[in-house]
Amino acid sequence: MANLLEQLLNALALAGLLFLVSAGLSLVFGILRVVNFAHGVFYMLGAYLGFTTVALSGWFWPALVVVPPVVGVLGALLESSTLRFIYRRPPIYQLLLTFGLALILEESIRVLYGPTAKGVEPPPLLQGAIDLGGVLYPRYRLFLVVLGCTVGVAVWLFLSRTRAGLVIRAVAQNSEMADCLGADVARVRTLVFGAACALAGLGGVAAAPMTTAYLGMGINVIVDAFVVVVIGGLGSIGGSMAGSLIVGAAQTWGAFYLPETAMVIMYAVMGAILVFRPWGLFGEEE
Amino acid sequence: MTPLLETRGPTPLLETRGLGRAFGALQAVAGVSLAVQPMELRAVIGPNGAGKTTLFHLISGLLAPTAGHVLFRGDDVTALAAPARCRRGISRTFQITSIFPELSVLENVRIAVQLKIGDNFRLLGGRAVLEASEQRARDSLRLLGLDDRADELASTLPHGDQRLLEIAMAAAQEPALLLLDEPTQGLSPEDTAATVAVIRQVARERKLTIILVEHDMDVVFDLADRISVLHFGQLIAEGTAAEIRANAEVQKAYLGGLD
Amino acid sequence: MIPSRLSALAALVALAVVPWVLARHQLSLLTDLLIAGLFAMSLDLIMGYTGMVSFGHAAYFGLGAYASALVLLHFAQPVPVALLAGALLAGAVAVPVGWFSTRATGIYFAMLTLAFAQFLYTVAYKWRDLTGGSDGIAGVPKTPLFWGGPSLASSRAFYFLVAACVVLSLFVCRAVVRSPFGRALQAIRENERRFTSLGRDPRPFKLVVFVIAAVFAGLAGALFAPFRGFASPEVMFWVFSGQGLMMVIMGGIGTLVGPVLGAMLFILIQEVLSSYTEHWMIFTGVVFVLIVIFLPGGLVGTARRLGARG
Ligand SMILES: Nc1ncnc2c1ncn2[C@@H]1O[C@H](COP(=O)(O)OP(=O)(O)O)[C@@H](O)[C@H]1O
Ligand SMILES: [Mg+2]
């Protein structure tokens, strides 16, 4: 019982991080029809910038506030200086372009920070463990669960309750409606791209105290996020949420019962879903 | 016993029994039962959104029905996927032109033949397959008057010729049943007349059974042996041109609404 | 037709004489370029001719490299046996991966192939007993062509083996794309729905070409291991898969020869960059972005466009 609770929380913490990344990936696909390969690198960038902020200020909380907008602005700048020019091309070109961006960013980080992983101290409030009715559970992970849920709910509220969110969802579900936005399309694209990068950056900052900031965390998370959106369906926030929970659970239980082959479980789940719904649980058949 | 057999008549080439397809709450095609005899030219008419294209998808197997059956030459083919139905002899065109844009006109038609008859998993060589299918493709192009454009890229053809190319692809497969979804859509009056003439010629020379969706009433009354009228997914009338002209329900639902 | 035959002949002659013209390290660089060219060409089969963008093609190169390295190191077989093993292992793994991946299309296919490739990468990384983990397998020997046969230890001999493999593969791939099967692939690339309604399910075609592409990528990897003397997880990494796509785009998608040239140019650019700066990967990324934006047709496509204009 105690074990189950612990694992449930672990799965939720992981799902929260995955959601922060995959929701942005999915939104960007919905609006821009681009699969942003560099998305994982923005997550990694968030982690490293988080490390820098903590190192400079000595505090964790400012990082959580400052880093996401910085990553978001960088993402928006990159979108408007490169991607913007090639939306009319076949999708492979956009994928390759974001691949190039990923190479540039990843290598820049390697140059700036060196090859060794950077640890980030969680804030004092979140250090150590908390007693949850007999189960000692790391406070920081509990924080991740709360953060993931909060952001998940916030994104969902934004998309379902605000005008801007409604427009975005409408466009995401029906690409032809992008034309109805007329002159605003370019701005919507840039804003959505930036916002998605900011979410990824937030995920990176939040992940850093748990995973450290390390090279390769970008590709790791993007592969997991790909699996999430393959399971959940691209362009659907509900799909990202469901996919994140499934992958979070598969990885957590996989790691517990089959430590050497944890990933296999994730792929088995993905394979099973693909056989029955090749376009994902919430995705639309092409 | 004999009279009973006679009232049944010969086996229709195509028969649908209570065919239906729902998209969520929307019943796009509902309980459609029709029988098309060999060599018949049948027109399906109805306002936009009546379910004509969906009916074609159900007959050709691109969509699975949510109710009913499709019988071809008396066999139930409801469970067969689109490729298998095509191989049995149902070829079709699409309302929105569907060709292989960056292949040559000839190759568009040739591949249609190859996919129907050929040894498609021949990885090396296969000259005989290529030549045999090319021969048939050229015949079909000649029939549709496209032989002088054989080497052009399909994407560079004008719209009207692309519509004809699609018919050439289907006809080259030498099907028993040809489904044409609005073959004259977007054509000028002259092109429409030419296309109608070509369809009539194809039907005669290839001894084809054709089902045709068409909006132009002149074309329909001119070409069709029998006409089926769809309205909100339901078959509301069926008969010869004269019968349909005289049908009050059709007048109300459709013909009146156009003028 | 005649000019392209002439240039093919010229290329063959050039390939035959360069070993006596180039210095040793240049010849070894050329061997590297040819191996990369074979890899890019195999990717073009699925990408250029079938319209399936695989983001995990490096996995099959890597499988070929590992199989070849293990066969050479542990069983001391002649090189062609190792090549066969590499090609077969890559092809065998591509069967289940392709079966799953070809259920999806477009971008989903790209994501799936990447996910499966990273899975294979992780296996190579973690299965230390077999693969040596992150160190990889070093000391892979260049065994002879057959027992008692000519040695492949000299850079000239190995160059000829590689050149022969690349030229042969090119001919085979050309025959494949011109066969009825290859024509069907191009129709699938152009319009999958049309293909389906003309009487065939596209999935078996996609699976078969996916496996063929993996076999040739495996062959390239199987040449790589004895040539460089090692196999390591790097060759299965996502970066290499993406570079493969770039080589194809740079050379000209759907031309087979173009991607070989694209690969050579790509590696050369990297060589030059890396001689100036140790952060050459950043500049590779920049080159990447610039080419995607400004030269979408690649070398062959751009040359054709200029030719048509001039
Ligand atoms: N894939 C689909 N999903 C949902 N609704 C559809 C789909 N295809 C067609 N419909 C709906 O079914 C109805 C019939 O469409 P269709 O068969 O294309 O009509 P027609 O060809 O007679 O104009 C329309 O209301 C259309 O919106
Ligand atoms: Mg229609």
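## Exercises on a predicted three-chain model

At 4% relative accessibility, Lys206(C) counts as buried; here buried means under 20% relative accessible area, exposed over 50% and partly exposed in between (1.4 Å probe, protein chains only). Before you start: this is a predicted model, where local features need pLDDT of at least 70, side-chain atom pairs count only at pLDDT 80 or more, and totals for chains, interfaces and linings use all residues. Residues are numbered from 1 along each chain as its sequence is written, chains are lettered from A and ligands numbered from 1 in the order in which they are written, and side-chain values use heavy atoms, with hydrogens and water left out.

**Exercise 1.** Find the salt-bridge partner of Lys206(C) and place both residues.

*Solution.* Start with the rule: a salt bridge is a side-chain nitrogen of Lys or Arg within 4 Å of a carboxyl oxygen of Asp or Glu. Lys206(C) pairs with Glu192(C), at 3.0 Å from N to O. Next, look at where they sit: Glu192(C) is in helix H9 (residues 192–197) of chain C and Lys206(C) in helix H10 (residues 202–228), so this pair, 14 residues apart, links distant parts of the chain. Helices (H or I, at least four residues) and strands (E, at least two) are DSSP runs, numbered from the N terminus. Last, check the cover: Glu192(C) is partly exposed, at 26%.

**Exercise 2.** Work out which residues share a salt-bridge network with Arg42(B).

*Solution.* Begin with one pair: Arg42(B) bridges to Glu40(B), the closest N and O atoms being 2.7 Å apart. Arg42(B) is buried at 1%, and Glu40(B) is buried at 7%. Now follow the shared partners, and Arg226(B) and Glu238(B) join Glu40(B) and Arg42(B) in one network. Over all chains, the count is 21 salt bridges.

**Exercise 3.** Describe the bridge between Glu107(A) and Arg110(A).

*Solution.* Take the distance: their closest N and O atoms are 3.3 Å apart. Then the setting: both lie in helix H4 (residues 91–113) of chain A, three residues apart, about one turn of the helix. Glu107(A) is buried at 7%, whereas Arg110(A) is partly exposed at 36%.

**Exercise 4.** Identify what holds the magnesium ion (ligand 2).

*Solution.* Look for donors, meaning N, O and S atoms within 2.8 Å of the metal (3.2 Å for Na, K and Ca); water is not among the atoms, so sites may look incomplete. You'll find Thr53(B) through OG1 and Gln95(B) through OE1, at 2.0 to 2.1 Å. Thr53(B) belongs to helix H2 (residues 52–60) of chain B and Gln95(B) to the loop between strand E6 (90–92) and helix H4 (105–117), so the pair ties together parts 42 residues apart in sequence. Thr53(B) is partly exposed at 23%, and Gln95(B) is partly exposed at 21%.

**Exercise 5.** Count the disulfides, then check Cys165(C).

*Solution.* A disulfide is a pair of cysteine sulfur atoms within 2.5 Å. By that rule the total over all chains is zero. For Cys165(C), the nearest cysteine sulfur is that of Cys173(C), 12 Å away. Cys165(C) is buried at 14%.

**Exercise 6.** Find where confidence is lowest and highest in chain A.

*Solution.* pLDDT is the predictor's confidence in each residue, from 0 to 100. Chain A averages 85, with 92% of the residues scoring at least 70. The low point is helix H6 (residues 163–173), at a mean of 73, and the high point is helix H2 (residues 39–57), at 94.
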